[in-house]
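Trainee: I have a new structure to learn. Can we walk through it together?

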Amino acid sequence: MPKTITIHRPDAVRAAAESCVHFGFCTAVCPTYVLDGEELDSPRGRIALAREMLDSGAAPSPAAVRHLDRCLSCLSCETTCAAGVSYHAIIDGAREHIEKSKARPLTQRLLRSALARVLTTPALLRPAAAAGRLLRGAAGRLGGPLGALASLSSAPALAAFAPRTEGTPQPPANPTRRVALLDGCAQSVLGAEINASAKRLLTRAGIAVVDVPGVQCCGALELHMGRREAATRHMEQAVRSWSAALLAGQIDAIISTTSGCGSVIKRYEELLSDHPELSTQVRLVVEATQDISQIAASLSLTASGSALGLAVSYHDSCSLKHGLKIERPPRRALGKLDMEVRDIAESHLCCGSAGTYNILEPAISDRLGQRKAAHASAGQPDVIAAGNMGCLVQISRFTPVPVAHTVQLLDWATGGPPPRGLEDFRPKPPRAAADTPTPAATPVPTTAGSGDLLW
C-alpha cells in the first residue's frame, strides 16, 4: 500500500479542483496551451491531472509531473474563469504533493533545492551571481538549466539594475509617513537600483523608509516550487517582524516593488490559515501591504521635465495583473509625469520568467520571452517598463529596447538619475492640443477599478 501524501488543506484543494466545470475559456489565455495546443498543458488538463493525483494519494506519474511543472502560475486562467475556480490553490497543492512524493529524479531534486536555497539567501546569491557571470561566453554552447543560467547572466537588465555609486538619500526631516520597503531576497542582490529608485522617490515625497530587521524572504519562490514548509517559515518570520513594527508605530505601511512578492503577501491569510495564533498579525500585514505603483499614483509628484514625451511600452506582469488585480495605478503614475504610456498586444500572456521557470523550463520560457519582447518592441518605444524585475530581465534578453522598472522611470521623472540606456533621451516638445494622439497611446484612467484602490 503506497504511503499517502498529506498536503496543506487537501479538502480545500480538492474542492477547488472539483469546482471546474470545463467551460474552456481558460485555454485561450493559457500561455502553454496557446503555444502548442496540448490539452494537458491547459488549465483544465492540469486540473484533471491534479484531481487524479490527489484522489489516489500516491506519487504522481512522470507525465503528471511534466505537465504540472510546465504551468507558469501566471493565473491568467483564474482571471478569465467564469466559474471562479481558485486555480492557484490547485497548482500550489499539486506541486506540494509532487515535492513531497520525491517523484522527480535525484538530480532535479538537488537542482531545485539548490535554486530555492540560493535565490532566497542574499549571502549565497551574491557569490553565485558572480560565478554565473563567468558562464556568459558559454551560453550558446550549454543546454538545460546550466545554459539557461548562463543566458540569464547575460541579460542586459541585470547590468541596468546594478547599484550606482550615489549614496542613500537623507531621510526627510518631518516625514509624512513611515514605511518599510520590501527589498526582495533576489532583487536586493540582482536589482539593487530598483530599490534605490524607490527610496529616492519616497524620500522626495516626504516619506521615510524604515529598515525592519528580520525579513529576508516573503516565501513566494519556495511556495511556487512546492516547498510549502520552507515557504511558511519565511512567511511567519516576515509576519512577526512587520507586525511588530506596525504595532509599535515604527511604520504604517509595507511597500513592495516586487509584484511577485506582493501578490503572495496578499494571500497570507489563506496560506497561514493553520496558524491561528498569528491571525491578527497576518491580517495587519496584509492590510498594510501596497505595491509601489499604488502609492506613487496617489502622490503629488512634480515632473522635472526629463522624461517629457517618453514613449513607454508598458508590460503588465502576471503577478500585478492577475495576482494583485492592479492595472491602472502604474499607468496613471507614469502618465501624470508626462510620459506616453502604450499598451502591448497579448498583455494577458506571461513573458515566461515566472520565478525559476526560465531556468527549469528554458525551451518554453524562451519562446514566450521572444513573443512578449516582439509585442513590447513594436512601435519602437523609448523604453519597456514593468513592475517586476523578473519580467524585465526576461524581456531584455530578446530586444535591444532599454527596459526599466516603473519606479525607476518615476524616480527619473521627478529628479533622479536616468535609467541605464536612457541617458541620451531628449525630452520631446509638448503635443499641441489640436494634434492627433498616437494611436498606440493609452489614455490614463482617472478612476480606480477593482484591486486598484489607492492609499
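**Strands, helices and a surface patch**

Mentor: Start with one pair of residues: Ala180 stands opposite Ile254 in β3. The model is predicted.

Trainee: How many bridges join β1 and β3?

Mentor: Ala180 and Ile254 in β3 face each other. Their strands, β1 and β3 (residues 253-256), run parallel. The number of bridges between β1 and β3 is four.

Trainee: Which residue in β2 stands opposite Arg178?

Mentor: β1 also pairs with β2 (residues 207-209), in the parallel sense. Three bridges link β1 and β2. Opposite Arg178 in β2 stands Ala208.

Trainee: What is the strand order in the open sheet of four strands?

Mentor: Build it pair by pair. β5 joins β6 through three parallel bridges. β5 (residues 311-314) also pairs with β7 in the parallel sense, and β7 pairs with β8 (residues 403-405). The order is β6-β5-β7-β8.

Trainee: Which are the edge strands?

Mentor: The sheet is open, with the order β6-β5-β7-β8. An edge strand here pairs on one side only. The edge strands are β6 (340-342) and β8.

Trainee: What does the twist average from one strand to the next?

Mentor: Stay with the open sheet of four strands and its parallel pairing. From one strand to the next, the twist averages 35°.

Trainee: In β6, which residue is the bridge partner of Ala311?

Mentor: Look at both neighbours of β5. On the β7 side, Val312 has Val383 as its bridge partner, and Tyr314 stands opposite Ala385. In β6, the partner of Ala311 is Glu340.

Trainee: Which residues of β5 point the other way from Ala311 and Ser313?

Mentor: In a regular strand, side chains alternate between the two faces of the sheet. In β5, Ala311 and Ser313 point one way. All the residues named for the two directions are buried. Pointing the other way are Val312 and Tyr314.

Trainee: Are the residues of β7 buried or exposed?

Mentor: From β7 (residues 383-386), Val383 and Ala385 point one way. Ile384 and Ala386 point the other way. The cut-off for buried is under 20% relative accessible area. On both sides, the residues of β7 are buried.

Trainee: In β8, which residue is the bridge partner of Ile384?

Mentor: β7 and β8 share three bridges in the parallel sense. Ala386 stands opposite His405 in β8. For Ile384, the bridge partner in β8 is Val403.

Trainee: Which helix makes a β-α-β unit with β7 and β8?

Mentor: β7 and β8 run parallel. Together with one helix they make a right-handed β-α-β unit. That helix is α23 (residues 389-396).

Trainee: How many residues of helix α24 are buried?

Mentor: Helix α24 covers residues 406-413. Its buried residues include Val407, Leu410 and Trp412, and also Thr406 and Asp411. The count is eight of its eight residues.

Trainee: Which residue just after α24 takes a positive phi?

Mentor: Move past the end of α24. The phi there is about 120°. The residue is Gly415.

Trainee: Why is Glu166 called partly exposed?

Mentor: Glu166 sits in the loop between α10 (156-160) and β1 (177-182). Buried means under 20% and exposed over 50%, with partly exposed in between. Glu166 is called partly exposed because its relative accessible area is 45%.

Trainee: Which residues make the nonpolar surface patch?

Mentor: The patch has an area of about 320 Å². One of its residues, Phe23, lies in the loop between α1 (10-18) and α2 (31-36). The patch is made by Val21, Phe23 and Phe25.

How values were computed:
Residues numbered from 1 in each chain as written. Predicted model: local features only at pLDDT ≥ 70, side-chain atom pairs only at ≥ 80, totals over all residues. Heavy atoms only, no water. Patch = residues over 30% accessible without salt bridge, like charges linked within 9 Å, V, L, I, M, F, W, Y side chains within 5 Å. Areas by Shrake-Rupley, 256 points an atom, 1.4 Å probe, with all protein chains shown as cover. Salt bridge = Lys/Arg side-chain N within 4 Å of Asp/Glu carboxyl O. Buried < 20%, exposed > 50% of the residue type's maximum accessible area, 1.4 Å probe, protein only. Pairing = 2+ DSSP bridges. Right-handed = clockwise from strand over helix to strand, strands pointing away. Axes fitted to C-alpha atoms, helices over the stretch in contact; angles between N-to-C directions.
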